[in-house]
Every structure is written in C-alpha cells, then in structure tokens.
Amino acid sequence: MVKSALNALSAYKPGKPLEEVRRELGLQKIYKLASNENPFGTSKAVSRILREGSIDLSYYPDGAGRVLREAIAKFHDVPTDQILLGSGLDDVIQIISRAVLEPGDNIIEAAPTFSQYSLHATIEGAETISLPVDETTGKSDLTAMANAVNARTKIIWLCNPNNPTGTISTQREVLTLLESVPKDVLVISDEAYYEYATSADYPDTFALLDQFPNVIIMRTFSKIYGLAGLRIGYAIIPEALSEPLNIVRLPFNTSSIAQSAATAALADQAFVKKCVDANTSGLQQWYDFLDARGLTYYKSDANFIFFDTKRDATELFNKLLQKGYIVRAGLKPNWLRITIGSTQENQGCIQALTSILEEK
Ligand SMILES: *Cc1c(COP(=O)(O)O)cnc(C)c1O
C-alpha cells in the first residue's frame, strides 16, 4: 500500500517527555543536553510578545511570511524573494528534497552528519553517497565529496558546522568545492549552528552567492535563538528555485506566533552575542575535562561536544540518565554528543560523568 522506499526506513522515535523521565527516575531535576537547544532560553523581547497574546489566532498566518522575510532579507542584505521560510529546517530540507529529487538521483553527504538529508533522499527514491569524515580531525572531506559527483547528483549537503562532529569546513575548502562541481548541482550549506562558530576561517557563504547560483544557505531559530519549540527556520535560495520550492511548500507552513517571535528574536543580536560567549566558555570546561582525562574529541565550532568515551556509550548514556543528564549516544560507537549547557549544567554533567568513569 505504501511506496516501496519506506520499507527501508523506520519512524523517528522521540524521547520521552522530560517530566515523565524525571518522575520515573525519582529525580528532582532533569537536564536535557541531547538536542542542542539553548540553555538560556530565548530573548526577553520574544517572551514579551508571547506574553502579550496580541496575535489573533482565529486567522490564518500570512502565508508569505512577509514581515519576517523582509526582516531576514534586510539582516542579510539579500532580496526578499530569495528567502524561503520553513517550519524549522527539517521542513526546508523536506521541501528542497521533494522539489528536486527523483528516483535514481543521488545526494552527497558527510558521515556522520544530520540524519534528515538522507531520510528525505530515500523517501524520494534517491540514493545517498556518504563520505566518512577524517577520523583524526573529524573534518568533512570536501575533496572526496566533489570527486563523488556524477551525472545523477542533485545535492551536496554541507553541514557546517557539522552535526555531530562540531567541525567546520573553511572558506577555502568550500570555494574549492564550488569551483569543481557543475552549476546544476545544488550545494546546500546547513548553518544551523552558524552563530556559535568562532574559528577565523569559518566561511562567509553569503559572499559566494553572486558567483555561485547553485548555493543555498540554511539558518534556524531553533538553536541559538532558543525557539526550537516554535518550529521556524529559513533558507536563502537561488531566484530560479523560488517558484518550484514555493509550489512544494505548504501554503501556511509557519504559524503567526512563530513568524512574530522570530522577527523579534532576529532583532535582539545582543542576546545572541551573550549566548555565544557563554558557549565558548562552556566548551572550554569540556576541553579541560577531556584533556585531563586524555579522551579524544573534535574541536567544536558549535554548541555541543563530540568525544570518544573509550567504552560502551549506550551504557554511559543510561548511567548519565540515572543521574539526571540526558545526552546523545548512537551517532558513532563509543562516542557521545553532549550539548553545552550553562556553567552549572556543564559542571554537573562533568561531575556525573567523572563519578561514572571512576566506578569500581
Ligand atoms: C537542529 C538541526 C537542524 C534542524 O533544526 P530545525 O529545528 O528543524 O530548524 C538542521 N540542521 C542541523 C545540522 C541541525 O543540527
């Protein structure tokens, strides 16, 4: 009854609600450091709008999301027509995949990387070419990605910083890739963690848009802006794709509340700055701990740290859960990905992990 591509897949299994986990384990508090949300919540300007309750929910939202798209266009100095809104980047990834991919096509991605690129490729009947990151540095291999392009390649997904490694591809690496792939292959820079990147050679992809009409840039309000629960993100798309992508996009894919909140969030860059600084010191807490224990990790330009625990990560995951810390295992054997929290949360998680590692 269902399309055959679905036979190879299984449905996303969401984690249990936090409150349920807390009650089951008999803990006072539970810390979720599993999905790279912002430990500092969101901008006060956003909270104010949500509290006011002045958005009339009996009307459909503005399907064009005009106010938010104009604010984003102004923020990045790009034409409004080239902004595509999505109910989170998950939605944007689905829209692009649905509009572009046909059975027999392929996409190219790093391994490990964000799971949704390949999921939607499979649903559309396309193949995924996965190229392992460098084992030592954790960096995506853009040369291998460029070399893997063939006549059926439609999309190269560049997750930058990459989830779960936290590593970046540099301006030079991205430019070299763009210069060597045909202009009919979309190169999509997923910059969900863009704001957190502090490395000097992190690329300015906006500077590449004029020269490369096959580039798409994706940004989200779910991570540093602290609005994961509202579901809103956007892409800067080539003019030529505006019509086809908007055919596929559901007419009211982003809610009025999400549009208003995101507009206010974007305007508060002081909040963003504060969170970046806190994240940088949080990463340092983890580096100090991992260095002291001699555990291997990748240097992160994001709000999470990915490291080799040198033991069964699933077992560690369960033990950390017993102590009230939800982290992420299952991305690479023995490795854990942990979201950078507040100073206190990082300290608590590091302490919990230390006591587990020192058992028996
Ligand atoms: C979290 C994440 C997304 C999805 O974010 P949305 O909440 O759907 O906007 C996209 N890409 C990467 C790499 C992510 O980590």
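A pocket here is an open set of grid points with protein on both sides within 12 Å along at least five of seven lines, and its lining residues have an atom within 4 Å of a point. The structure is a predicted model.

**Exercise 1.** Describe the largest pocket and its lining.

Solution.
- Step 1: The space in the largest pocket is about 1700 Å³.
- Step 2: Its lining consists of 47 residues, and those nearest the centre are Tyr12, Lys13, Ala34, Ser35 and Arg328.
- Step 3: Two or more lining residues come from each of α1 (18–25), α4 (89–100), α5 (116–123) and α11 (313–322). The largest share, five residues, belongs to α5.
- Step 4: Sorted by class, the lining holds 24 nonpolar, 12 polar and 11 charged residues.
- Step 5: Domain 1 (4–32 + 270–358) and domain 2 (45–267) each give at least three residues to this lining.

**Exercise 2.** Locate Lys223 and decide whether Lys223 is buried or exposed.

Solution.
- Step 1: Lys223 sits in the loop that runs between β7 (215–220) and β8 (233–236).
- Step 2: Its relative accessibility is 14%, so Lys223 counts as buried, because the cut-off for buried is under 20%.
- Step 3: An unreviewed UniProt entry annotates Lys223 as "modified residue: N6-(pyridoxal phosphate)lysine".

**Exercise 3.** Compare the settings of Asn36 and Asn334, two residues with positive phi.

Solution.
- Step 1: Most residues other than glycine have a negative phi.
- Step 2: Phi is near 60° in Asn36 and about 75° in Asn334.
- Step 3: Asn36 belongs to the loop between β1 (31–32) and α2, while Asn334 belongs to the loop between β10 (325–326) and β11 (335–339).
- Step 4: With a relative accessible area of 1%, Asn36 is buried. Asn334, at 32% relative accessibility, counts as partly exposed.

**Exercise 4.** Place the cis peptide bonds that precede Pro112 and Pro161.

Solution.
- Step 1: Most peptide bonds are trans.
- Step 2: Ala111 and Pro112 are joined by a cis bond with omega of about 0°, and Pro112 is in the loop between β3 (106–111) and α5.
- Step 3: Between Asn160 and Pro161 the bond is cis, with omega near -5°. Pro161 is in the loop between β5 (153–159) and α7 (171–180).

**Exercise 5.** Examine both ends of helix α2 (residues 44–52).

Solution.
- Step 1: At the start, a side-chain oxygen of Ser43 comes to within 3.0 Å of the backbone nitrogen of Ala45.
- Step 2: After α2 comes Gly53, with a positive phi near 65°.

Key
Residues numbered from 1 in each chain as written. Predicted model: local features only at pLDDT ≥ 70, side-chain atom pairs only at ≥ 80, totals over all residues. Heavy atoms only, no water. 1 Å grid on protein atoms, 1.4 Å probe; cavity = no way out; pocket = protein on both sides within 12 Å on 5 of 7 lines; lining within 4 Å. Points joined across faces, edges and corners; volume = space filled by probe spheres on them. Helix = DSSP H or I, 4+ residues; strand = E, 2+ residues; numbered from the N terminus. Nonpolar A, V, L, I, M, F, W, Y, C, P; charged D, E, K, R; others polar. Domains from an automatic or database assignment. Polar contact = N/O pair within 3.5 Å; in protein donor to acceptor, adjacent residues only side chain to side chain. UniProt positions renumbered as here; feature names shortened; annotations may be inferred. Buried < 20%, exposed > 50% of the residue type's maximum accessible area, 1.4 Å probe, protein only.
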